[in-house]
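Q: Please take a close look at a single part of this model, the largest cavity and what lines it, and then add what can be said about one helix packing elsewhere in the chain.

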Amino acid sequence: MREKELRLALVCYGGISLAVYMHGITKELWRLARASRAFHAGEPAPAAIAGSEAVYHGLLQRIAAEGDLKLMVLIDVIAGASAGGLNGLFLGQAIATGQSLEPLTKLWLENADVEQLIDPDARPLTRFTRAWALPIAWMLTRRRGGTVERTVAPETRAEVRRKLSLFVRARWFHPPFGGKTFTRLILDAFEAMARQPAGRPLLPKRQPIDLSVTATDFHGHRQHLALHSPTIAEEREHRLTIGFSDHGRADRVLGDIAALTFAGRATASFPGAFPPFTVKEVDDVLAERKRTWPTRAEFLTNLLEVGETRAPEDVVLIDGSVLANAPFRPAIDALRNRPARREVDRRFVYIDPTLGNPIIAGKMSGEKPGFLATIFGALSTIPREQPIHDNLEAIEARSRRIEQTKHIIAAIRGEVNEAVEGAMGNILLLYRPSTERVRSWRLKSHELAAKQAGFAYAGYIHLKLATIGDELTETIVQLGGHDEPAELRMIRAAVGAHIRALGDDTGAEPVIEFLKTHDLGYRIRRLRFLADRLTEIEAGGESDPQAIEAARTAIYESLAPYLDMQMRDHYPSPVAGAARGAIGDIATAIAAIGSFRAIETIDEATDQRIAAVLPRLSRGDRKTLLLAYLGFTFYDLATLSLLRPQGAQEFHAIKVDRISPDDAGSIRKGGAAATLRGVEFNCFGAFFSRAYRENDYLWGRLHGAERMIDLIMSTLPDASIIPGDEIADIKRTLFHAIITEERGRLADPLLDALAAEIG
């Protein structure tokens with residue numbers, strides 16, 4: 001059976017109280033990932049799975065039975081800001097550890113409330129406290145035709161008025177919500193997840209999850225720039241990315257709970273509502289609970305850029321969405337560490353609860369904004385709501401290069417096959433090609449490609465050397481912790497000088513040995529190319545499924561050790577030590593990396609696997625796969641210039657999908673305005689009523705479920721596997737399963753009304 005991975009890279013926007021809505025969405029993503037893991041493990045049976053998971057499990061089972069496609073859904077990259085970052089942290093922890101998100105629902109519904117979040121020191125002691133603010137509270141809550149009367153349902157007006165009065169009469173010119181209060185709630189959430197029995201991680205072995213959230217360094221840290229004149233300049237960098245990864249290791253540790261709490265508090269520190277965040281806040285809360293943080297020093301050292309006069313304890317952080325509300329870049333950067341074991345459909349899925357609408361109050365009009373609106377917009381709304389077209393264009397450009405590469409490969413395929421066959425003769429059809437023969441044929445074909453390329457071959461080799469230089473520079477920078485731009489520039493220059501010292505003769509022994517030792521990218525590109533050719537064989541070849549699966553296993557088992565070489569934690573401390581001293585001794589650093597990688601040893605194992613699996617294929621399929629393996633240099637000559645900007649990342653076009661209220665209209669049209677209550681009060685609405693939170697959480701699950709079905713359907717190779725009218729039935733079944741799941745937790749009138757609306 002054909003196997004395919006639908007890999008999701010999530011980008012979660014901020015949304016203030018719409019965090020509750022995003023919890024509903026991420027919960028459905030988590031349930032789909034759980035159903036996928038259970039389906040591929042062969043357990044449990046669909047009848048033993050509750051709620052929406054059973055529907056997802058049944059759908060994957062049906063696709064396998066009717067479409068002959070075993071689909072695996074993975075979430076392996078998460079990037080978030082503010083409320084989205086907080087939800088991303090919880091989801092990432094659940095995926096890495098197998099812990100449940102279920103305990104969080106109760107916490108969101110009960111604790112994401114003004115009465116819980118407000119700082120104890122800011123609470124009015126009596127109804128007469130801050131009596132001078134009572135007219136303002138009355139104006140906001142009681143005035144006929146005011147915001148509450150116009151936008152709040154009659155059954156929740158009393159609750160909203162009471163809490164809004166509390167909020168308005170809290171201390172002025174200080175954030176009303178408590179920093180330590182918020183930190184405690186985040187820590188409570190992670191501890192609640194840890195207390196529940198954990199299942200198995202939701203990713204396969206050696207498949208890492210990379211998680212990052214944005215924060216804003218209020219004072220900024222100094223960064224040195226290398227210029228022509230002056231030679232060194234200085235600027236202040238305020239953007240901060242807090243990253244975590246389990247690196248695909250067996251222990252699946254994403255990070256210490258204290259570090260995850262630190263990241264959640266930092267990214268969701270909305271300006272004005274919460275006080276700025278410092279590490280002391282986490283230290284105090286941990287001390288209250290007598291909880292240790294063994295990796296504190298290492299975490300802070302790796303995260304915070306500090307100068308001569310600034311200790312980590314002095315760093316002040318505010319909300320991550322101030323400068324980066326749509327953190328695509330960290331998610332794109334994470335693609336370089338992806339293993340590949342089967343065909344991949346890569347999706348970037350971004351969750352935008354407000355659909356880019358300004359957070360400030362008021363409608364778009366021709367009137368000039370007032371004084372306060374202008375200041376608020378300049379300081380908060382405009383930076384956080386910048387469009388994402390630059391990120392999407394970068395993703396599209398990457399996908400376009402891949403498509404262009406595939407067109408070139410298809411165009412020259414006939415000539416390449418003819419050249420390789422002409423050089424090899426009938427020996428390609430030997431029934432049992434040995435490892436030695438495969439290696440010999442590969443080297444002979446490589447020499448043939450060099451000869452036929454003529455003067456273009458020298459340019460190809462120099463391009464390869466430049467590509468290797470980029471990869472070695474990045475590896476040395478990562479291993480050695482060289483974070484300053486000036487250090488990066490010096491290392492890049494040193495690596496370049498080292499490569500130029502090999503000489504200009506591309507056929508000379510030093511150049512050939514350097515390529516054998518360090519050309520990691522070539523090996524990765526070759527095996528990804530072979531995997532794509534096998535997918536083609538699977539669709540139209542004559543080999544039996546067991547032989548195809550054996551060939552796929554051989555290819556991806558060969559690819560895995562090369563990909564491991566891209567991961568920072570794969571290298572032992574002596575190699576990292578050599579990288580730290582690279583600025584003074586680049587040759588030692590490069591030699592240490594090459595010696596540890598031992599690429600030629602991996603090459604031998606790869607030849608052995610390929611030789612062993614070829615006899616299992618049909619005669620025609622064997623020839624097709626062998627020609628692709630032997631003739632890869634011809635294709636690489638023609639396409640490397642297109643693929644170089646991509647490096648050794650996933651060799652597949654990326655599609656971008658969105659989850660927002662406007663994209664899920666099966667139940668109700670009208671987007672956020674028609675479905676969500678948290679959009680009120682400048683997106684603070686859900687903090688004022690449990691009924692609001694229940695409404696938004698439920699719609700989050702329903703919208704998330706609908707979009708998950710859409711994504712699954714869009715990855716099927718044949719749309720006729722499940723007709724459109726049946727997809728609508730599947731969605732209805734899924735919606736009702738969610739309604740049934742929430743009985744006993746959410747208010748019956750809400751559930752009954754939506755059940756009737758679903759039909």
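A: A definition comes first: axes are lines fitted to C-alpha atoms, for helices over the stretch in contact, and angles run from 0 to 180 degrees between N-to-C directions. The model is a predicted one, and the cavity you ask about comes before the helix pair.

The count comes to 4 cavities of 30 Å³ or more, and the largest cavity holds about 330 Å³ of space. Its lining is made up of 24 residues, and those that lie nearest its centre are Leu86, Trp108, Ala112, Leu117 and Phe182. Helix 3 (83–97), helix 4 (102–111) and helix 9 (179–195) each give at least two residues to this lining. By class, the lining of the largest cavity has 21 nonpolar residues, along with 2 polar and 1 charged.

The UniProt record, an unreviewed entry, places the feature "active site" at Ser82 and Asp319. Although these residues are spread over 238 residues of sequence, they cluster in space, with a largest C-alpha distance of 5.9 Å. Both Ser82 and Asp319 are included in the lining of the largest cavity. Serine 82 has its place in the loop between strand 2 (69–81) and helix 3.

Turning to the helix pair, helix 2 (residues 51–67) packs with helix 30 (residues 724–741) at an angle of about 155 degrees, and their axes are 7 Å apart. Angles over 145 degrees count as roughly antiparallel, so helix 2 is roughly antiparallel to helix 30. On the side of helix 2 the contact is made by Gly51, Ser52, Val55, Tyr56, Leu59 and Arg62, and on the side of helix 30 by Glu726, Ile730, Thr733, Leu734, Ala737, Ile738 and Glu741. By class, this contact of helix 2 with helix 30 has 7 nonpolar, 3 polar and 3 charged residues.

Note on methods
Residues numbered from 1 in each chain as written. Predicted model: local features only at pLDDT ≥ 70, side-chain atom pairs only at ≥ 80, totals over all residues. Heavy atoms only, no water. 1 Å grid on protein atoms, 1.4 Å probe; cavity = no way out; pocket = protein on both sides within 12 Å on 5 of 7 lines; lining within 4 Å. Points joined across faces, edges and corners; volume = space filled by probe spheres on them. Helix = DSSP H or I, 4+ residues; strand = E, 2+ residues; numbered from the N terminus. Nonpolar A, V, L, I, M, F, W, Y, C, P; charged D, E, K, R; others polar. Parallel < 35°, antiparallel > 145°, perpendicular 65-115°, else oblique. Contact = heavy atoms within 4.5 Å. UniProt positions renumbered as here; feature names shortened; annotations may be inferred.
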